Amino acid sequence: MDFLGQWFLLIHNWIQAIHPALLRVFIEIIIVIGISGGAYFLVRVIYSITKKRLKTISTLIPTVEIVLTSPLILRILKLIPLFVACSLIPLFFGQSNLAHLLLTLGKLWFCLICARSFAALMTVFYQIGNQYRGVSASPQKGIFQILTVLAYCFAVVGIIAIISGRNPAYILSGLTALSAVFMLVFKD
């Protein structure tokens, strides 16, 4: 770990020696994107190797095949470069306005990835439920669709809270009051 710290310090000192500030920021952004992209590439390679190994198990357990063919794992894997980038941003940019902007964009991206991953998880649950006899007669598709819509609604509330800098509870209470007003106005 000491080697990595020295290596990072050497790169950081080299970047700080660049005099045009705009060029320095551009190089720092390229480095963060490159390291995050490298992390994503490494995770994808590990995932593809693991997926090939799990294909042999999927003939025995059909649930594994559903999970492997769904976009759930790929959507969750998109969180890894996001975490790498969000951990590198304070190291490169410190407490600047650009660091705050980039971290805010990372939080927004996190909300979207979580909502999309939850939607993929609901699809996996639906497909697994359809494999078993008797479950397909239940109203599970509607339940999973409602849960997916709720996940996207929570993601929108989270995005609004991040952009406005408010607590999500305030936004939800405001939506509750607004829905009460609409119920009074449109009660007939």
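**Helix 5, the largest pocket and selected side-chain environments**

Immediately after helix 5, glycine 94 adopts a positive phi of about 70°. The structure described here is a predicted model. Helix 5 itself covers residues 79–93 and comprises 15 residues. From its first C-alpha to its last, helix 5 reaches 21 Å, close to the 21 Å expected at 1.5 Å a residue. Several of its side chains are withdrawn from the surface: Leu79, Pro81, Leu82, Ala85, Leu88, Ile89, Phe92 and Phe93 are buried.

Helix 5 also contributes to the largest pocket, for which a volume of about 360 Å³ was computed. Among the 15 residues that line this pocket, those closest to its centre are Ile33, Ser36, Pro81, Leu82 and Ala85. Two or more lining residues are given by each of helix 2 (21–58), helix 5 and helix 6 (97–131). The largest share of the lining, 6 residues, is provided by helix 5. Pro81, Leu82 and Ala85 of helix 5 are buried, and these residues also belong to the group closest to the pocket centre. In terms of residue class, the lining consists of 12 nonpolar, 2 polar and 1 charged residues.

Aromatic contacts were examined next. A pair of aromatic rings is described by the distance of the centres and the angle of the planes. The structure holds 3 aromatic pairs, one of which is formed by tyrosine 126 and phenylalanine 144. The geometry of this pair is edge-to-face, with 6.5 Å centre to centre and 80° between the planes. Distant parts of the chain are linked by the pair, as tyrosine 126 lies in helix 6 and phenylalanine 144 in helix 7 (residues 140–164), 18 residues apart. The two partners fall on either side of the 20% limit below which a residue is classed as buried. Because its relative accessibility is 24%, tyrosine 126 counts as partly exposed. Phenylalanine 144, by contrast, has a relative accessibility of 16% and therefore counts as buried.

A charged side chain was considered last. Arginine 75 is located in helix 4, which spans residues 72–77. The relative accessible area of arginine 75 is 18%, so this residue is classed as buried under the 20% cut-off. When its neighbours within four places in sequence are left aside, arginine 75 is in contact with Ile113, Arg116, Ser117 and Ala120. Helix 6, defined as residues 97–131, thus appears both in the lining of the largest pocket and, through tyrosine 126, in the aromatic pair.

Technical notes. Residues numbered from 1 in each chain as written. Heavy atoms only, no water. Helix = DSSP H or I, 4+ residues; strand = E, 2+ residues; numbered from the N terminus. Expected span 1.5 Å × (residues − 1). Buried < 20%, exposed > 50% of the residue type's maximum accessible area, 1.4 Å probe, protein only. 1 Å grid on protein atoms, 1.4 Å probe; cavity = no way out; pocket = protein on both sides within 12 Å on 5 of 7 lines; lining within 4 Å. Points joined across faces, edges and corners; volume = space filled by probe spheres on them. Nonpolar A, V, L, I, M, F, W, Y, C, P; charged D, E, K, R; others polar. Phe/Tyr/Trp six-rings, centres within 6.5 Å; stacked < 30°, edge-to-face > 60°. Contact = heavy atoms within 4.5 Å.
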